[in-house]
Amino acid sequence: MQAKDAVGQYGERVAARRLEEDGLRVLDRNWRCDEGELDIVALHGEVLAFIEVKTRTSEDFGVPAEAVTPVKQQRIRGLAQRWLAAHEHPYSQLRFDVCTVVAQKSGSADYQHLQGAF
């Protein structure tokens with residue numbers, strides 16, 4: 001496993017744990033199809049949230065959320081349509097969130113959940 005992959009997996013674990021602590025129910029993690037992968041799909045009350053997780057070891061090259069470009073947002077929307085087609089429950093409210101995790105050399109990671117980010 002490459003260091004980049006390990007950092008990403010760490011961030012997804014942090015995000016999933018924090019989302020559950022905040023009352024969201026994680027339905028899927030790392031859901032894959034031919035077009036790509038959704039990091040986290042979670043239920044927040046009646047709202048289905050598709051959550052992109054961005055993890056960094058520093059903010060030297062910008063904040064993690066900046067990596068969720070319009071092209072990436074469009075790809076995530078398409079993946080969300082594929083996820084919805086593969087699951088039978090009719091969700092009436094959808095949301096696209098971004099969770100950012102900045103790993104620290106010691107102590108807890110800096111975490112932020114941007115609801116309705118795009």
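This is a short talk about the fold of one chain and a few of its residues.

Hi everyone, thanks for coming. Please keep in mind throughout that what you see above is a predicted model.

Let's start with the overall layout. The chain contains two helices and five strands. If you walk along the sequence, these elements come in the pattern α-β-β-β-α-β-β. How does the radius of gyration fit with a compact globule? For 118 residues, such a globule would have a value near 13 Å, and the chain has 14 Å, which agrees. The C-alpha trace spans about 45 × 30 × 25 Å along the principal axes.

Now some totals. Of the 118 residues, 40% are buried. The accessible surface comes to about 7100 Å², with 46% of that belonging to carbon and sulfur atoms. On contacts, take the ones between residues at least 6 apart in sequence: 53% of these join residues at least 24 apart. As for charge, there are 15 positive and 18 negative side chains, and the centres of the two sets are 3 Å apart.

With that in place, I'd like to take you to my favourite spot, Asp97. You'll find Asp97 in strand β4, which runs over residues 93-102. Is Asp97 buried or exposed? Its relative accessible area is 0%, so Asp97 is buried. And what does its side chain reach? One partner is the backbone nitrogen of Gly116, at 2.8 Å. Another is the side chain of His113, joined to that of Asp97 by a polar contact of 2.7 Å.

Setting aside neighbours within four places in sequence, Asp97 has contacts on two stretches of the chain: Ala49, Phe50, Ile51 and Glu52, and then His113, Leu114, Gln115, Gly116, Ala117 and Phe118. For a sense of distance to another residue, the C-alpha atoms of Asp97 and Leu24 are separated by 12 Å, with their positions 73 residues apart along the chain.

Let's follow that polar contact over to His113. This residue belongs to strand β5, residues 110-114. With a relative accessible area of 17%, His113 falls under the 20% cut-off and therefore counts as buried. Again leaving out neighbours within four places, His113 is in contact with Leu19, Leu24, Arg95, Asp97, Val98 and Cys99.

Leu24 also helps us to place Gly45. That glycine is in the loop between β2, residues 36-44, and β3. Gly45 and Leu24 are 21 residues apart in sequence, and 7.3 Å apart in space from C-alpha to C-alpha. Gly45 has 52% relative accessibility, so it counts as exposed.

The other glycine I picked is Gly62, in the loop between β3 (47-56) and α2 (70-86). Here the relative accessible area is 21%, which means Gly62 is partly exposed. Its C-alpha atom is 18 Å from that of Phe118, a residue 56 places away along the chain.

One last stop, and it's one for the backbone fans: Asn30. What is its phi? Near 55°, a positive value in a residue other than glycine. Asn30 lies in strand β1, residues 25-33, and is partly exposed, with a relative accessible area of 24%.

So, if you rotate the model while we chat, look for Asp97 in β4, with His113 joined to it side chain to side chain at 2.7 Å. Thanks for listening, and I'm happy to take questions!

Note on methods. Residues are numbered from 1 along each chain as its sequence is written. This is a predicted model: local features need pLDDT of at least 70, side-chain atom pairs count only at pLDDT 80 or more; totals for chains, interfaces and linings use all residues. Side-chain values use heavy atoms; hydrogens and water are left out. Helices (H or I, at least four residues) and strands (E, at least two) are DSSP runs, numbered from the N terminus. The radius of gyration is taken over C-alpha atoms; the globule rule is 2.2 Å times the number of residues to the power 0.38. Buried means under 20% relative accessible area, exposed over 50%, partly exposed in between (1.4 Å probe, protein chains only). Contact means heavy atoms within 4.5 Å. Accessible areas come from the Shrake-Rupley method with a 1.4 Å probe; for residues, only the protein chains shown count as cover. Lys and Arg count as positive and Asp and Glu as negative; His and the chain ends are not counted. The place of a charge is taken as NZ of Lys, CZ of Arg, CG of Asp or CD of Glu. A polar contact is a pair of N or O atoms within 3.5 Å; within protein, one must be able to donate a hydrogen and the other to accept it, and residues adjacent in sequence count only if both atoms are side-chain atoms.
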